[in-house]
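User: Please take me through the local geometry and packing of this model. I would like the criteria stated along the way.

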Amino acid sequence: MKLAERYTHLTDKVLKELNRGLAKKRRSRDSHGCCKLIGELNRVYTRRSRILREILRLLPFFLAAVIVKHHSRILKIEELNVDPTGTKGALAKAIYNMPDNAFIYEKAVWLASSELGYNVLLEQVNPFNTSQLHNVCGGALDRKLGHYDYAYCKACGLKVNTHFNAALNISLKQGRPLSSRSFPPLNAREGNHSNDG
Ligand SMILES: [Zn+2]
């Protein structure tokens, strides 16, 4: 969660400010100032991509821990590479648009299954409306810019946690199984580290 906070901070604050500063220096034709800011921007982009890589490395273990804690039987995820709403935050978008992000969920399910002793299923659901409708009353949420974590329901007026609301909507949708790639069989996990890293 700390890494996620840092990623969001760099995206929403640091990079925005640096880009704004760079535009100002360009307008005033300050080439030395531009050079300095471009160097700083590159350093921040590098730092941010390192943080993202570390998040992606840890994510399967984090998800597996949640699955194990709740003894879940199914992990439902939205269909990959589709974001019809465009309301997701920068980090969610970065992970969502990864070409091979199915690997994160497949590894999470595999890790959790080995811990729980039964096969946790991985299912995809259609993302249509999962972040738009209030799970309690079915009304539309007011997803204006800046209403990322919370939004007001246009029908009942409640302040809704958009993440929790979307998770509930996803959990109630009909899922279809995602074909799992070949991880080593669970009982052969010891002594086989070919999938590590
Ligand atoms: Zn409502």
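**Helix 5 and its packing**

User: Which residues of helix 5 (residues 162-172) are buried?

Analyst: Helices (H or I, at least four residues) and strands (E, at least two) are DSSP runs, numbered from the N terminus. A residue is buried if 20 or more other C-beta atoms lie within 10 Å of its own, exposed if 12 or fewer, and partly exposed in between, with C-beta atoms placed from the backbone. The buried residues of helix 5 are Thr162, Asn165, Ala166, Asn169 and Ile170.

User: Why are they on the same side of helix 5, and what arc do they cover?

Analyst: The arc is taken over the directions from the helix axis to the C-beta atoms. The buried residues are on the same side of helix 5 because they cover an arc of only 135° around the axis.

User: Which residues are exposed on the other side of helix 5, and which strands do its buried residues pack against?

Analyst: Phe164 and Leu172 are the exposed residues on the other side. Contact requires C-beta atoms, placed from the backbone, within 7 Å. The buried residues of helix 5 pack against strand 1, strand 2 (121-125), strand 3 (150-152) and strand 4 (159-161).

User: How is the model to be read?

Analyst: The model is predicted: local features need pLDDT of at least 70, side-chain atom pairs count only at pLDDT 80 or more, and totals for chains, interfaces and linings use all residues. Residues are numbered from 1 along each chain as its sequence is written.

**The core**

User: Which helix gives the most to the largest nonpolar core?

Analyst: A nonpolar core is a set of buried Ala, Val, Leu, Ile, Met, Phe, Trp, Tyr and Cys residues joined through C-beta atoms within 7 Å. Of the 13 residues in the largest one, those touching the most other members include Ala64, Leu75 and Tyr105. Helix 2 (31-70), strand 1 (74-78) and helix 4 (102-116) each supply at least two residues. With six residues, the most is given by helix 4.

User: Which residues does Leu75 touch?

Analyst: Residues up to four places away in sequence are not counted here. On that basis, Leu75 touches Ile67, Tyr105, Ala108, Val109, Val120 and Leu122.

**Helix 1 and the loops**

User: Where is the kink in helix 1 centred?

Analyst: The bend at a residue is the angle between axes fitted to the seven residues ending there and the seven starting there. In helix 1 the kink is about 35°, and its centre is Leu10.

User: What is the phi of Arg29?

Analyst: Most residues other than glycine have a negative phi. Arg29 is placed in the loop between helix 1 and helix 2. Although Arg29 is not a glycine, its phi is positive, at about 50°.

Terms used: Contact = placed C-beta atoms within 7 Å.
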